[in-house]
Amino acid sequence: MSTDIKTDGITLSRTMGLLDITMIGVGAMIGAGIFVLTGIAAGVAGPALVIAFFLNGIVTTFTALSYAELGSSFPEAGGGYLWVKEGMSGTQGFLAGWMSWFAHAVACSLYGLGFGRFAVELWVLAGLPTFGLSSELMTLIFMVIIVSLFSYINFRGASEAGTIGNFVTIAKVIILLIFVAFGLFAMLQRPDAVNVFKEDLLPNGIGGVFLAMALTFIAFEGYEIIAQSGEEVMDPMRNIPRAIFISIAVVVVIYVLVAFVAIGATTQTGGLPVWEYLAEQKEIAIVRSAEQFMPAGGILILISGLASTMSALNATIYSSSRVSFAMGRDHNLPERFGRVHPKMHTPYWAIFLSAILIIAMGIALPIEQVAAAADIMFLLMFAQVNITVMTLRRRRPDLERGFFVPAFPWPPIIGIITNVALSVFLAYELQSVGLVAIVWILFGALLYWGYFRNREETERPKEVILEETLVSVDYSVLVPVADVEQAGTLGRFGSILAKEQNGGVLALHVVKVPPQLNLSDGRLFLKEGRPPLQEVIEQSKELDVPVHTMIRLGRNVSDAILKTIAEHASDMILFGWPGTSGVNEQLFGSVIDRIIANPPADIAILRYRPHDEFRRILVPIAGGPNGRLAVNLALAVAQNTEEETEIVLMNVAVGDVDPVQAEARAKNAFRYARHGHEFPFVERIEPAEGPVEGILAAAADCDLIVIGATKEPRFKNLLMGNVAQRVAEQADCPVIIVKRQSTMLDSIMRETVLSPIRQSDKLAETQERAKN
């Protein structure tokens with residue numbers, strides 16, 4: 001009995017177990033590397049092909065770790081495409097799917113042509129009539145037949161495809177192990193057999209090894225197909241990671257052993273080095289090796305080659321159709337791709353259209369060059385997946401994960417570096433291949449930006465259920481509000497900040513829709529969102545500041561706020577103080593922490609306390625860009641209130657610091673902070689045991705404190721800093737904590753590598769340093 005996943009009322013069935021998906025991965029990986037590409041790769045790497053295969057196994061494991069974590073978290077058809085779409089952007093997600101679809105289709109064409117070549121060899125050996133057809137034409141005919149057959153098998157269902165695929169994969173593994181056994185026996189009969197690995201291991205240098213790795217990397221993409229099957233796997237959280245690692249282990253061992261005996265046991269009497277002889281034989285290189293040391297070896301390997309290319313073809317047609325199905329379901333390809341057959345429960349249009357693409361490529365294109373281009377696209381897509389596993393650790397800590405990448409984030413980082421390096425190296429060595437990859441990627445980007453992006457937006461459930469705009473402004477202060485009381489305070493301060501820049505306020509209320517409801521059901525809560533927005537409007541009217549109001553639906557409040565910031569290019573975000581969360585992993589809670597950890601715009605957090613007038617504003621200055629932002633906000637308040645306001649810039653001289661040095665340091669900090677402003681600031685140096693004590697002492701006669709977040713080192717990601725947090729909690733007057741927008745480099749680092757450091761963590765670090 002199967003459990004079903006709904007897609008527009010029709011379902012894909014969970015019918016595949018651990019053995020099925022492991023065999024899909026093994027079948028896809030063995031088919032390409034051993035039978036189709038071994039001879040070509042031997043020509044560029046020489047005897048070091050063994051090293052190239054082994055290194056590819058190591059390199060691919062770093063990315064496989066990311067696939068295991070994401071595959072256990074998102075067990076849906078689409079694999080890398082869906083993950084990149086979730087963890088990066090719509091454009092990146094589309095390109096991941098676009099490259100994956102192309103690369104899998106090309107791999108199918110490669111396997112289909114390999115099958116055709118092996119079938120022609122067997123046909124001729126059997127003495128069957130050729131009817132005057134050339135071997136090239138017969139190869140194409142066999143390719144069309146086998147692609148059509150396995151497309152139909154995939155249409156019939158994953159369980160049927162899996163059963164046949166399991167049988168074929170087990171058969172070819174047995175034959176390859178027999179090949180290895182006879183090869184090792186032949187090498188034992190020749191004491192000098194290993195000399196080929198000692199005398200000329202690197203005939204083309206280390207560059208030959210790297211080129212062989214890049215050319216054969218397509219052979220290791222089978223675990224990506226395992227992830228594509230997530231929507232049809234039983235117990236995917238356990239089975240997908242296990243299948244990925246089992247299949248890689250099996251395949252790397254077989255690759256290394258087959259390459260070792262193919263080069264070590266094959267003899268060549270014509271003076272040509274063995275690896276060059278294998279390169280001349282191309283996809284039938286293993287056949288020629290088997291003929292020398294294995295009884296009926298040529299025929300057995302041809303049969304195994306047929307089995308290998310069939311199982312690889314079966315797995316890759318499956319994967320190609322699933323990624324195009326997922327893209328069609330998301331309106332990133334024509335909607336026909338996203339349809340599921342009502343009886344077979346398979347994506348029949350995606351299978352049919354993918355088969356047409358596969359056959360067309362096999363007939364019309366120089367397949368070896370295009371296959372190398374597919375290698376580049378797999379490598380680039382794997383790099384995207386490695387980035388995604390890091391961004392989703394930050395953005396979606398709530399995901400239920402069946403597997404976690406160990407030693408995070410180093411495996412994904414190593415995966416990114418190696419994937420990009422191999423793709424660049426391959427594009428540089430085979431320049432026409434790089435051009436094919438660039439053209440396909442640019443063509444896909446134009447399709448997305450020109451059509452599918454708009455279609456995707458049109459078909460997506462409407463998130464914004466109320467939006468009212470009075471005028472367009474160049475400067476926007478985003479004010480997220482949850483209730484009327486908070487809206488009154490934030491509306492006033494937001495209007496002050498907007499007025500200083502001749503801008504406007506964007507008041508946002510987010511309706512969080514629980515998972516058990518459809519997103520559109522959030523409209524039921526529309527009425528609750530109007531009063532807070534109306535309060536912001538009233539506050540803005542007093543200062544004659546234009547207001548743009550919005551009610552937005554969302555599963556995640558921080559995601560809804562970030563989308564609004566991006567759509568409206570907000571310049572500043574003003575949050576209300578929610579209080580510390582009391583949870584070790586979060587300072588203010590998941591909503592604000594997520595945004596202030598990597599600010600997409602300038603951030604201000606208001607800790608409000610009742611006050612009468614702002615006659616004296618204290619701005620603690622220690623140097624750095626956040627201090628300058630604090631001065632700017634203090635000026636905005638001072639210049640947009642009716643009362644005459646004094647701004648005090650103060651610096652804390654901590655401990656027994658030399659007074660002359662303390663004064664010089666403070667003067668430099670003041671000069672930097674007030675640069676470009678003509679306002680008559682008051683400057684003050686406050687001796688104290690610590691910065692918090694000094695600030696609180698100076699604030700005794702102040703009406704408002706504006707303080708910058710702690711300056712961050714390049715490779716640390718602080719949320720606000722222990723000093724700012726403690727001042728906000730202990731001061732008797734209102735406090736505004738400010739933090740600058742992240743630079744591009746900082747944003748990339750914080751979204752991927754750097755985890756936020758909570759104030760408790762930072763305090764512990766400071767205390768530890770003090771002890772030492």
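The exercises below, each with a worked solution, deal with burial, contacts and salt bridges in a predicted model.

Residues are numbered from 1 along each chain as its sequence is written, and side-chain values use heavy atoms, without hydrogens or water. Because the model is predicted, local features need pLDDT of at least 70 and side-chain atom pairs count only at pLDDT 80 or more, while totals for chains, interfaces and linings use all residues.

**Exercise 1. Place T63 in the structure, decide whether T63 is buried or exposed, and list what T63 touches.**

Step 1. T63 belongs to helix α3, residues 49-73. Helices (H or I, at least four residues) and strands (E, at least two) are DSSP runs, numbered from the N terminus.

Step 2. Buried means under 20% relative accessible area, exposed over 50%, and partly exposed in between (1.4 Å probe, protein chains only). The relative accessible area of T63 is 0%, so T63 is buried.

Step 3. A contact means heavy atoms within 4.5 Å. Leaving out residues up to four places away in sequence, T63 touches Y223, F382, N386, G415 and N419.

**Exercise 2. State how many residues of helix α13 are buried, and name them.**

Step 1. Helix α13 covers residues 285-293, and seven of its nine residues are buried.

Step 2. These buried residues are A285, I286, V287, R288, S289, A290 and F293.

**Exercise 3. Describe the salt bridge of E646 and the parts of the chain that it links.**

Step 1. A salt bridge is a side-chain nitrogen of Lys or Arg within 4 Å of a carboxyl oxygen of Asp or Glu. The structure holds 17 salt bridges.

Step 2. The partner of E646 is R616, with the closest N and O atoms 2.7 Å apart. The pair links distant parts of the chain, since E646 is in strand β10 (residues 646-654) and R616 in strand β9 (residues 616-620), 30 residues apart.

Step 3. E646 has 27% relative accessibility and therefore counts as partly exposed. R616, at 24%, is also partly exposed.

**Exercise 4. Explain what the salt bridge between E693 and R726 ties together.**

Step 1. The side chains of E693 and R726 meet at 3.9 Å, N to O.

Step 2. E693 lies in helix α25 (residues 691-698) and R726 in helix α26 (residues 722-730), so the pair ties together parts that are 33 residues apart in sequence.

Step 3. E693 is partly exposed at 40% relative accessibility, and R726 is partly exposed at 27%.

Step 4. Elsewhere, salt bridges that share partners join R117, E121, R288 and E291 into one network.
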